[in-house]
Amino acid sequence: MSPGTENPKLSGIKVIIVGAGFAGLTAAIECHRKGHEALVLESFAELKVLGDIISFGPNAGHIFERWPGVPEKLDPICIKTKGLTYKSYLGDYLFYQSWDTERSYGKAYNGHRGEIHEIVYNHASSLGIEIRLGQKITEYFEDEKEAGVVSNGQRIVGDIVLAADGVRSKGRTLVLGYEDKPKSSGYAIYRAWFDSARIAENPITKYLVENGDTHSAWLGPDIHFLAASIKDGKDFSWVCTHKDDADVEEGWQEPGSREDALKVLEGWDPIVHEIVKATPFLVDWKLVYRDPMPTWLSPKARIALIGDAAHPFLPTSVQGASQAMEDGATVAVCLALSGKNKIPEALRAFEKIRYGRVLAAQKTGETTRDTWHKADFDKIKENPESLKLVREPWLMDHDAEAHAYKVYPEVIALLGADREPIVEAAQLRMVEVA
């Protein structure tokens, strides 16, 4: 079977996917493309168009572009800018970062999370993939021959389970053998998306929307503020990452306050203040993290964690959703190459291909945040391009499906030889891509 096959021979592999986010839906669509039977179980009883800005790099764009009709539906709702304008927190112009180099890697898709998700969800449904809503997963189980879940009291069995249900995944407890609670990162984000009419009415902010889409960043001590206009300037979105030492529980998202956001941004560029004042509603999202997992696989390697369930990302990586999609594309290839009789081998290969690349991608989020937040803002004008968002080829110019087909035989040989720990082997894959 070659990459891009749309009508493959049926594999006989039944894949149960817990969660209908981008990781879960990508896994379902890619499994369908490879001839596997996919069943998606989602906890929400109804899927609504919620959220704000989300970014998919060219590495995710390669996956979208293998889904007939999807790029054409995404294009009208995604931001169209040629780069990012950087300013200091006082409003001083620093520099402009062009996306010209990144365009050579492929097309990026950045827009409203809920709108993009709806397109992907509808594509999965159009393929005939079964998606059950309102499912409460109470148990994961496996043996040498099968794996499954108990959902709404019903025992559902397949060849493999992919836990794609986010950072609160019950699958994490099975894999780790204990419950790991989220920890505060020390940061939070105010987030907003709204109609840009009030931005357009204000003389000092109208330049952000009156000539189409724009993308701007204001950087200051331990704070950054990103703003974008989308859909030819008709919609507006902003995010503000700032210090926050509050304790967090599993529920870390709540309505935000304009007054609190303005206090955080005290002394900042008046344009930023006017953007916040024009915002009808915002969310206060506490950034949490979990310690990296030593493995994403269950003891018998028939259950795998993917997406945020396996590896949550900081927003400053601009790669969380893209890496979730790469997981889905990679695991589908590994199952196709292993066949029904070697499911555990397929999942071990999937982990070996993905682990080190994901770890390196996660670190870019920490690097960017620290570069932006810890800069010497008294001297930054001497070298403003030191603040540039790093978009390296090894990360962005990557085709997960093609890469999995290419390296799978060598990865299987490494697994058979049992030569090296998972992180080192996976990092080897990453270096090859670079």
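Author: A residue counts as buried when its relative accessible area is under 20%. The model you have in front of you is predicted, and within it His-117 sits in helix H5, where its relative accessibility is 7%, so that it counts as buried.

Reader: Once I know the class of such a residue, which residues does His-117 touch, not counting those up to four places away in sequence?

Author: The general idea is to set aside the sequence neighbours and to look at what remains within 4.5 Å, counting heavy atoms. For His-117, with residues up to four places away left out, the partners are Ala-20, Gly-21, Phe-22, Leu-25 and Leu-47. A separation between C-alpha atoms is another kind of value: His-117 and Ala-27 are 90 residues apart along the chain, and their C-alpha atoms are separated by 14 Å.

Reader: Phe-22 and Leu-25 belong to helix H1, so far as its contact with H5 goes. At what angle do H1 and H5 pack?

Author: An angle under 35 degrees counts as roughly parallel. Helix H1, residues 22-33, packs against helix H5, residues 113-126, at an angle of about 25 degrees, and their axes are 10 Å apart; the two helices are therefore roughly parallel to each other. Their crossing is left-handed. On the H1 side the contact is made by Phe-22, Leu-25 and Ile-29, and on the H5 side by Arg-113, Ile-116, His-117, Val-120, Tyr-121, His-123 and Ala-124. Sorted by class, this contact holds 7 nonpolar, 2 polar and 1 charged residues.

Reader: How is the packing of H1 with H10 to be read: is H1 roughly parallel or antiparallel to H10?

Author: The angle again comes before the label. The axes of H1 and helix H10, residues 320-338, come within 8 Å and cross at roughly 30 degrees, which makes H1 roughly parallel to H10. Here the crossing is right-handed. Phe-22, Ala-23, Thr-26, Ala-27, Glu-30 and Cys-31 of H1 meet Ala-324, Met-325, Gly-328, Ala-329, Ala-332 and Leu-335 of H10, and the residues of this contact divide into 9 nonpolar, 2 polar and 1 charged.

Reader: And what is the angle between H10 and H11?

Author: Angles over 145 degrees count as roughly antiparallel. H10 and H11 pack at about 155 degrees with their axes 8 Å apart, and that makes H10 roughly antiparallel to H11. H10 passes H11 in a right-handed crossing. Among the residues that meet are Gln-323, Glu-326 and Asp-327 in H10 and Arg-354 and Arg-357 in H11, while the whole contact is made up of 11 nonpolar, 3 polar and 4 charged residues.

Reader: Which residues touch the most other members of the largest nonpolar core?

Author: Such a core is read by asking which of its members have many partners within it. Of the 85 residues in the largest nonpolar core, those that touch the most other members are Ile-17, Phe-56, Phe-64, Ile-116, Val-149 and Leu-162. Helix H11, residues 343-373, gives the most to this core, with 10 residues. Phe-64, residues up to four places away in sequence not counted, touches Phe-56, Val-70, Pro-71, Leu-74, Tyr-109, Ile-116, Val-120 and Met-325. Another core, of 23 residues, lies apart from it, and Ala-192, Phe-225, Ala-227 and Trp-238 are among its members.

Reader: Is Cys-240 buried or exposed?

Author: The cut-off given at the start applies once more. Cys-240 lies in strand S15, residues 235-243, and with 0% relative accessibility it counts as buried. Leaving aside neighbours within four places in sequence, Cys-240 is in contact with Ala-188, Ile-189, Tyr-190, Ile-223, His-224, Phe-225 and Leu-265. Cys-240 and Ala-192 are 48 residues apart in sequence, and 9.3 Å apart in space from C-alpha to C-alpha.

Reader: To end with backbone angles, where is Lys-231 found, and what is the phi of Asp-232?

Author: A positive phi is worth noting with the residue type beside it. Lys-231 is found in the loop between strand S14 and S15, and it has a positive phi of about 60 degrees although it is not a glycine. Asp-232 lies in the loop between S14 and S15 as well, and its phi, near 60 degrees, is likewise a positive value in a residue other than glycine. With a relative accessibility of 53%, Asp-232 counts as exposed.

Technical notes: Residues numbered from 1 in each chain as written. Predicted model: local features only at pLDDT ≥ 70, side-chain atom pairs only at ≥ 80, totals over all residues. Heavy atoms only, no water. Axes fitted to C-alpha atoms, helices over the stretch in contact; angles between N-to-C directions. Helix = DSSP H or I, 4+ residues; strand = E, 2+ residues; numbered from the N terminus. Parallel < 35°, antiparallel > 145°, perpendicular 65-115°, else oblique. Left-handed = near helix turned anticlockwise from the far one by under 90°. Nonpolar A, V, L, I, M, F, W, Y, C, P; charged D, E, K, R; others polar. Core = buried A, V, L, I, M, F, W, Y, C linked by side-chain atoms within 4.5 Å. Buried < 20%, exposed > 50% of the residue type's maximum accessible area, 1.4 Å probe, protein only.
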